[in-house]
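User: Hi! I'm new to reading protein models and would love a close look at the place where the ligand sits. Could you walk me through it?

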Amino acid sequence: YQGLAGRSTDEVLQLCAAHGQQLKLQRNSVVTQLHGAIKKRLKQDLKSLHSFALELSKDFQRQSKTCLYQVLAAVQGIQLQNEAMQMFQIKAFDLEQSLQEVTDRYEKEKQKRRALHNSLVELRGNIRVHCRIRPLLPFDDAAGHSISQDRQRNFSEKVAYAADDETVVVKCSRPGHASLNKTFQFERVYNDLESQDAVFADVAPLLTSLLDGYNVCIMAYGQTGSGKTYTMLGPQLEGDLAFSTEEESELGIIPRATQEVFRLISEKPPGSYWVEVSVVEVYNNEIFDLLAKDSYGKVLGIRRDVVTTREGKSDVPLLTHETVENASEFLHLVNRGLQLRVRHPTLVHAHSSRSHLVVTLTITTVVFGDNFGTLWEDEQTSQRLNKEVSCTFPQKMRDNKSTSSSRASSPVQLEAIEKMKQVKTRLQLVDLAGSECVGMSGVTGAALRETSFINRSLSALADVLGAIAEQRAHVPYRNSKLTHLLQDSVGGDAKLLVMLCISPGQKYLTESMQSLGFGTRARQVQRGQVKKKNFPVPSKAK
Ligand code: ADP
Ligand code: MG
């Protein structure tokens, strides 16, 4: 403004305009500069953004490549693993197959060995001994109130078990007692899980022998509660001495054997066989006929005696033999007999294990006297004759009369009957009384008598086996009614199977050891070769 002093207005205006112009120019140049700077900066940023993006994409590519490699490697790994797995699977399959083959071969070998052993047993006249160990049951715990919980627990501990199907192990270590570890070998050992089916499978071949002309006897030995009745008959009905026939799979040897006998008979020419049953109880050294009826037809247990016939066989005169046509008739009879065991006034025992039960099936076979070799070759004739005879023979057998009967009166029939010969084979099924040596102290009256009779009869059985084993000239069969009754089966020509029944709990250790000892001794008995009845079986009928 000092410069403007003294100037004219025009000059001032000119100067102002020039100044404005200059300012404008200056502003423009600043704007241009700023624009340039911004542009430059933007360019730089864009460039760095571009390089960053480039770097990023490169990085991404790198990373995805790595990932891809990893995925590929993993896939390859999985493929390898899969292949390895498949290899393993193939190997496992091969191993499984060869194991199966080995097992099959082993089973076959075992069967062969068993068959050979059986033949050896037969040649030597040995007694077969099988042993069944029952499962632990709820009542094994109930050990009375007076003993401590600890002892109670020990009592129900398992001490006897099947190591394999031929070996029983008894293992026990109690504080204060010498520890026990013993093994016993038998022809067959059943563990606690083996079913009635499994037990019967080993019994069935004996029944084929029965129809081939051998006598057979199967007896269950063991202490009370060890499973004798369960094994021989099946589970008993609650509070009743009959057994239940409802559960087929639970049925024991006696009903199954009967079914099998009738099945085998059904394969033979009709009418050539018939079956009679007797049910006998040996209680306090007396024999009771559980099928006997009085003159009014009422069923009574009538006392019978056992005698030795002139041929040296044991026989029970007047014993009731009922003819049965099928297994259910038989079961009905046996159940009737069993129910009588509790009702009979002279039989005071409340428990079935206090008496011996002997169920006998007598199978009579009709064979032609002078025609043995060609028996039944003329099937039609034989069937006719057999049919005719079958309706007369059972009656005759019961009446014990001569062969002529009112129903067989024609000359042809009479001649046919004369030419016929009967061959009898017998299947004896025995549920022995409990083998435990009940302490005599404190037992009086009927119970004492009962116990001493059981002990005496079972030791008589052991004595008989001992005498046969030592081949003594005199075998004391007549020391007890039981051994006298079973004489022909035990000492004679029967295939004998003793089924030892064992309770697995420690509580029963002493009794189990006693039973296993009995079985071991029985197994060593050699009676000479088991004899076949003079019994021509035609190849056709086999
Ligand atoms: P025993 O006739 O030797 O005195 P039982 O046959 O009456 O003995 O058996 C005693 C109890 O044990 C019964 O209740 C029976 O059902 C049961 N029992 C026995 N053996 C077996 C088994 N193998 N499986 C299941 N229960 C059994
Ligand atoms: Mg019993």
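Which helix gives the largest share of the shell around ligand 1?

Analyst: Happy to take you through it. Keep in mind that this is a predicted model. The helix you are after is H4, which spans residues 228–232 and supplies 3 residues, the largest share of the shell around ligand 1.

Now look at the shell as a whole. There are 14 residues around ligand 1, and the ones that come nearest are Gly 225, Lys 228, Thr 229, Tyr 230 and Ser 353. Sorted by class, the shell holds 7 polar, 4 nonpolar and 3 charged residues.

Next, zoom in on individual atoms. Lys 228 reaches the ligand through its side chain: one of its polar side-chain atoms is 2.8 Å from an oxygen atom of ligand 1. Ser 226 takes part through its backbone, with a polar backbone atom 3.2 Å from an oxygen atom of the ligand. Gln 223 also uses a polar backbone atom, and here the distance to an oxygen atom of ligand 1 is 3.4 Å. As for how covered the ligand is, on its own ligand 1 has 560 Å² of accessible area, and the protein covers 77% of that.

If you would like something to look at beyond the ligand, try the open sheet of 3 strands, ordered S2-S3-S4 with antiparallel pairing. Strand S2 (160–164) and strand S4 (180–185) are at the edges with a single partner strand each, so each has one side without a neighbour in the sheet. On average, neighbouring strands here are turned by 25 degrees against each other, ignoring direction. Strand S3 (residues 167–172) pairs with S4 over 6 bridges in the antiparallel sense, and Val 170 stands opposite Lys 182 in S4. Finally, helix H13 (residues 509–524) lies across S3 and S4, at about 35 degrees to S4.

Key. Residues numbered from 1 in each chain as written. Chains lettered and ligands numbered in written order. Predicted model: local features only at pLDDT ≥ 70, side-chain atom pairs only at ≥ 80, totals over all residues. Heavy atoms only, no water. Near = heavy atom within 4 Å. Polar contact = N/O pair within 3.5 Å; in protein donor to acceptor, adjacent residues only side chain to side chain. Areas by Shrake-Rupley, 256 points an atom, 1.4 Å probe, with all protein chains shown as cover. Helix = DSSP H or I, 4+ residues; strand = E, 2+ residues; numbered from the N terminus. Nonpolar A, V, L, I, M, F, W, Y, C, P; charged D, E, K, R; others polar. Pairing = 2+ DSSP bridges. Axes fitted to C-alpha atoms, helices over the stretch in contact; angles between N-to-C directions. Contact = heavy atoms within 4.5 Å.
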